[in-house]
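Got the viewer open? Here is a short tour, stop by stop, with something to select at each one.

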Amino acid sequence: MKGTIKTKIEKGYGFISREGEGKDLFFHSNDLKGVTFDELQVGDTVTFEIVNGEKGPNAKNVTRV
């Protein structure tokens, strides 16, 4: 799937917005591949997989496009 980094929280997590979806996806810095949390910027386009986490769907294997 494709989305855009909507927010980044300094504690090492953030949210990804997806076109046509109302709810943003949570991601953690441990779920990034090929990019560090500090390199990732709000507005970057990313690809990811969706998995069910404890509090709902999360993004895993997040890669900057």
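Strands here are DSSP runs of E at least two residues long, and helices are runs of H or I of at least four, numbered from the N terminus. With that in hand, select arginine 18, which lies in the loop between β2 (13-17) and β3. Before going further: this is a predicted model, where local features need pLDDT of at least 70 and side-chain atom pairs count only at pLDDT 80 or more, while totals for chains, interfaces and linings use all residues. Residues are numbered from 1 along each chain as its sequence is written, and side-chain values use heavy atoms, with hydrogens and water left out.

**The whole chain**

Zoom out and colour by secondary structure. The protein chain has five strands and zero helices, so to speak a β-β-β-β-β pattern when read along the sequence. Its C-alpha atoms fill a box of roughly 25 × 25 × 20 Å along the principal axes. The radius of gyration is 10 Å, which agrees with the value near 11 Å for a compact globule with 65 residues (taken over C-alpha atoms; the rule is 2.2 Å times the number of residues to the power 0.38). Of the 65 residues, 29% count as buried; buried means under 20% relative accessible area, exposed over 50%, and partly exposed in between, with a 1.4 Å probe and protein chains only. Contact means heavy atoms within 4.5 Å, and among contacts between residues at least 6 apart in sequence, 47% join residues at least 24 apart.

**Back to arginine 18**

Is arginine 18 buried or exposed? Arginine 18 counts as buried, because its relative accessibility is 15%. Show its surroundings: leaving out residues up to four places away in sequence, arginine 18 touches Met1, Lys2, Lys23, Leu25, Phe48 and Ile50.

**Strand pairing**

Now select residues 2-9, which are strand β1, together with β4 (45-53). These two pair in the antiparallel sense over three bridges; two strands count as paired if DSSP finds at least two bridges between them. Click lysine 2 and you will find threonine 47 of β4 standing opposite.

Add strand β5 (residues 56-64), which pairs with β4 over seven bridges, again in the antiparallel sense. β4 and β5 form a hairpin with two residues between them, and glycine 53 stands opposite glycine 56 in β5.

Stay in strand β5 and pick asparagine 61. Most residues other than glycine have a negative phi. Asparagine 61 has a positive one, about 50°, although it is not a glycine. With 30% relative accessibility, asparagine 61 counts as partly exposed.

From there, jump to aspartate 31 in the loop between β3 and β4. Aspartate 31 is in contact with Ala59, Lys60, Asn61 and Val62, setting aside neighbours within four places in sequence. At 11% relative accessibility, aspartate 31 counts as buried.

**The core**

Which residues make up the largest nonpolar core? Select Ile5, Ile16, Leu25, Phe27, Leu32, Val35, Phe37, Leu40, Val46, Phe48, Ala59 and Val62, 12 residues in all. The elements giving two or more residues to this core are β3, β4 and β5. A nonpolar core is a set of buried Ala, Val, Leu, Ile, Met, Phe, Trp, Tyr and Cys residues joined through side-chain atoms within 4.5 Å.

Centre on isoleucine 16 and list its contacts. Not counting residues up to four places away in sequence, they include Ile5, Leu25, Phe27, Val46, Phe48, Ala59 and Val62.

**Aromatic rings**

How many aromatic pairs does the structure hold? There are four. Rings of Phe, Tyr and Trp (its six-membered ring) pair if their centres lie within 6.5 Å; planes under 30 degrees apart are stacked, over 60 edge-to-face, and the rest tilted.

Show tyrosine 13 and phenylalanine 15: their ring centres are 6.4 Å apart and the planes meet at 85°, so the pair is edge-to-face. Tyrosine 13 is partly exposed at 26% relative accessibility, and phenylalanine 15 is partly exposed at 29%.

Next, phenylalanine 27 and phenylalanine 37: with centres 6.3 Å apart and planes at 45°, the pair is tilted. Phenylalanine 27 lies in strand β3 (residues 25-28) and phenylalanine 37 in the loop between β3 and β4, so the pair ties together parts 10 residues apart in sequence. Both phenylalanine 27 and phenylalanine 37 are buried.

Last stop: lysine 8, whose charged end sits over the ring of phenylalanine 37, 4.5 Å from its centre. That label needs NZ of Lys or CZ of Arg within 6 Å of the ring centre and within 35 degrees of the ring normal.
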